[in-house]
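Q: Could you take me through one part of this model in detail, please? I would like a connected account rather than a list.

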Amino acid sequence: MSSDSSPSESAGPPPDRRPLIAFAWLWVGAPLCYGVYELVQKATQLFTG
């Protein structure tokens with residue numbers, strides 16, 4: 001094995017996955033925030049009458 005042919009050098013830079021990660025957080029975070037909002041509204045109605 002020679003040190004000239006390293007797999008990391010020939011593969012190039014890794015793909016930028018930040019847009020995918022942001023989309024995944026929005027995909028989960030938006031319904032979660034809506035659910036928490038609905039929960040707070042219903043809990044307020046429950047305890048205040």
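A: Happily! Let us begin with the term used throughout: a helix here is a DSSP run of H or I with at least four residues, and helices are numbered from the N terminus. Please keep in mind that this is a predicted model. With that meaning, the protein chain has two helices and zero strands, and the part to look at closely is helix H2, which covers residues 18-48.

H2 is made of 31 residues, and the distance from its first C-alpha to its last is 43 Å. That is close to the 45 Å expected for the helix at 1.5 Å a residue. The helix does bend, though: at Gly29 there is a kink of about 25°, placed shortly before the proline Pro31. At the far end, H2 is followed by Gly49, where phi is positive, near 85°.

Now for how much of the helix is covered. The answer is hardly any of H2, since one of its 31 residues counts as buried. The protein chain as a whole tells a similar story, with 2% of its 49 residues counted as buried. Its accessible surface comes to about 5,000 Å², and carbon and sulfur atoms account for 70% of that.

Part of that surface deserves a closer look. Leu20, Phe23, Trp27 and Val28 make a nonpolar surface patch of about 500 Å². Two of these side chains also meet each other. The structure holds one aromatic pair, formed by Phe23 and Trp27, with 5.6 Å from centre to centre and 40° between the planes, so it counts as tilted. Why are these two residues on neighbouring turns? Phe23 and Trp27 are four residues apart in helix H2, so about one helical turn separates them. Their exposure can be read from the relative accessible areas: Phe23, at 48%, is partly exposed, whereas Trp27, at 63%, counts as exposed. The cut-off between those two classes is 50%.

Finally, let us go back to the start of the helix. Arg18, at the beginning of the 18-48 range of H2, meets Asp16 through its side chain in a salt bridge, with 3.0 Å from N to O. Side chains of opposite charge can pair when their charged atoms come close. The structure holds one salt bridge, and both Asp16 and Arg18 are exposed.

Key
Residues are numbered from 1 along each chain as its sequence is written. This is a predicted model: local features need pLDDT of at least 70, side-chain atom pairs count only at pLDDT 80 or more; totals for chains, interfaces and linings use all residues. Side-chain values use heavy atoms; hydrogens and water are left out. The expected span of a helix is 1.5 Å times one less than its number of residues. The bend at a residue is the angle between axes fitted to the seven residues ending there and the seven starting there. Buried means under 20% relative accessible area, exposed over 50%, partly exposed in between (1.4 Å probe, protein chains only). Patches are made of residues with over 30% relative accessible area and no salt bridge: like charges are joined within 9 Å, nonpolar side chains (Val, Leu, Ile, Met, Phe, Trp, Tyr) within 5 Å. Accessible areas come from the Shrake-Rupley method with a 1.4 Å probe; for residues, only the protein chains shown count as cover. A salt bridge is a side-chain nitrogen of Lys or Arg within 4 Å of a carboxyl oxygen of Asp or Glu. Rings of Phe, Tyr and Trp (its six-membered ring) pair if their centres lie within 6.5 Å; planes under 30 degrees apart count as stacked, over 60 as edge-to-face and the rest as tilted.
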